2 protein chains.
Amino acid sequence: MKWKELEEEPCSMARTIGVIGDRWTLLILRECFLRTRRFEGFQSALGITRHLLAERLKKLVRQGILRRIPYQDAPKRHEYILTQKGLDLYPIMMALVHWGDTHMVDERGRPLLHEHRKCGKNFDPVMVCSECGEPLLAREVHTHPGPGARSPLAIKAPDKPKAKVRRSAA
Amino acid sequence: MKWKELEEEPCSMARTIGVIGDRWTLLILRECFLRTRRFEGFQSALGITRHLLAERLKKLVRQGILRRIPYQDAPKRHEYILTQKGLDLYPIMMALVHWGDTHMVDERGRPLLHEHRKCGKNFDPVMVCSECGEPLLAREVHTHPGPGARSPLAIKAPDKPKAKVRRSAA
DNA sequence: TCTTACAGTTCTAAAATTGAACTGTCAAAT
DNA sequence: ATTTGACAGTTCAATTTTAGAACTGTAAGA
């Protein structure tokens, strides 16, 4: 499986991973949400090599996640700004942060707190069902093929253990 | 910045990325949520090289995201099962899927629909504030350093443009 | 005995990433 | 007038990762 193919798989998660699923891209996006906009800003905040940074920024622009906007003419300089498509990545970012807050903090506690302007409180992000508003649990969700389904990847029956005799160790 | 260091950064997102932030790991986790449990199952579903698969599975076990459980004795065979820590990745997976559903589907439509057992409807995941229940928008969230803050990475003031004269092109 | 299922390990070639230096424009300081 | 620094890249050799294929070993079933 080549990376280009990922974006064509009949699986929304694979396609998303094809676009933002590598470490530097995710870190660059973190910086975008922290309002970094310029090449040097990304480079010094992340310590990424300039080579890779240039490449990743280009890809994000090609994908319509960032827009490259001139802010100066001589010499030509540009800023990288999140498009709406990019802003829509926010729930992914928050989900990543929240898992880290839950499972990766040390004794010091969270590095960063999030305050919801609307209610004024520090919060955690909670993922709920758009239909009933209840929090989502993996156990309570069943998947079935949609109109764009094409391959077993999207359907995937549970790994039937092929009725083999189990020798000891249940 | 080396990858090992990522896990020690004072940023929950960086730490999470250090653990699950590469393409194969994310795809392996997708398979886990689709109930794949065995080496061959992952390998044939993903087309990942056996070498990398073995390595990634080991890492996920080390991180406590998967548990390696014997299901047969001779020859020794094991299954890889999500721990609670692993199951807690569900919101990340759903957020990835949902972004793909929104921005990466072709004319055919979604490859996969999700049904919420509790309410019986197909749904989209929505991220809301744990305190007031309102959907979260990037614009309405402000961050500030928590008890575990240590570096500018977690604080990061907006990229002040250094009061330079702007020549044309606002 | 031969074949298949399964879970890896080993090896070489190809691709991606790192690190460091280099290019070019312009502003400000010396 | 010359030097220095900010900025946004590009280039290139060296290193690290990943891909692809073959190989190991146990045991069941034909």
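1. In this predicted model, A:Glu134 has a relative accessibility of 34% and therefore counts as partly exposed, since the partly exposed class lies between 20% and 50%. Its side chain meets that of B:Lys118 in a salt bridge, with 3.5 Å from N to O. A:Glu134 sits in the loop between β4 (125-129) and β5 (141-145) of chain A, while B:Lys118 sits in the loop between β3 (112-116) and β4 (125-129) of chain B, so this pair joins two chains. B:Lys118, at 52% relative accessibility, counts as exposed.

2. Within chain B, a salt bridge is formed by B:Arg110 and B:Asp124, whose closest N and O atoms are 2.8 Å apart. This pair links distant parts of the chain, 14 residues apart, with B:Arg110 in the loop between α7 (90-103) and β3 of chain B and B:Asp124 in the loop between β3 and β4 of chain B. B:Arg110 is partly exposed at 24% relative accessibility, and B:Asp124 is partly exposed with a relative accessible area of 23%.

3. A reader may also wish to look at a network in which A:Arg15, B:Asp106 and B:Arg108 are joined by salt bridges that share partners.

4. In chain A, A:Asp106 and A:Arg108 form a salt bridge, and the closest N and O atoms are 3.5 Å apart. A:Asp106 is partly exposed, with a relative accessible area of 23%, and A:Arg108 is partly exposed, with a value of 37%.

5. As context for the pairs described above, the structure holds 20 salt bridges over all chains.

Key
Residues are numbered from 1 along each chain as its sequence is written. Chains are lettered from A and ligands numbered from 1 in the order in which they are written. This is a predicted model: local features need pLDDT of at least 70, side-chain atom pairs count only at pLDDT 80 or more; totals for chains, interfaces and linings use all residues. Side-chain values use heavy atoms; hydrogens and water are left out. A salt bridge is a side-chain nitrogen of Lys or Arg within 4 Å of a carboxyl oxygen of Asp or Glu. Buried means under 20% relative accessible area, exposed over 50%, partly exposed in between (1.4 Å probe, protein chains only). Helices (H or I, at least four residues) and strands (E, at least two) are DSSP runs, numbered from the N terminus.
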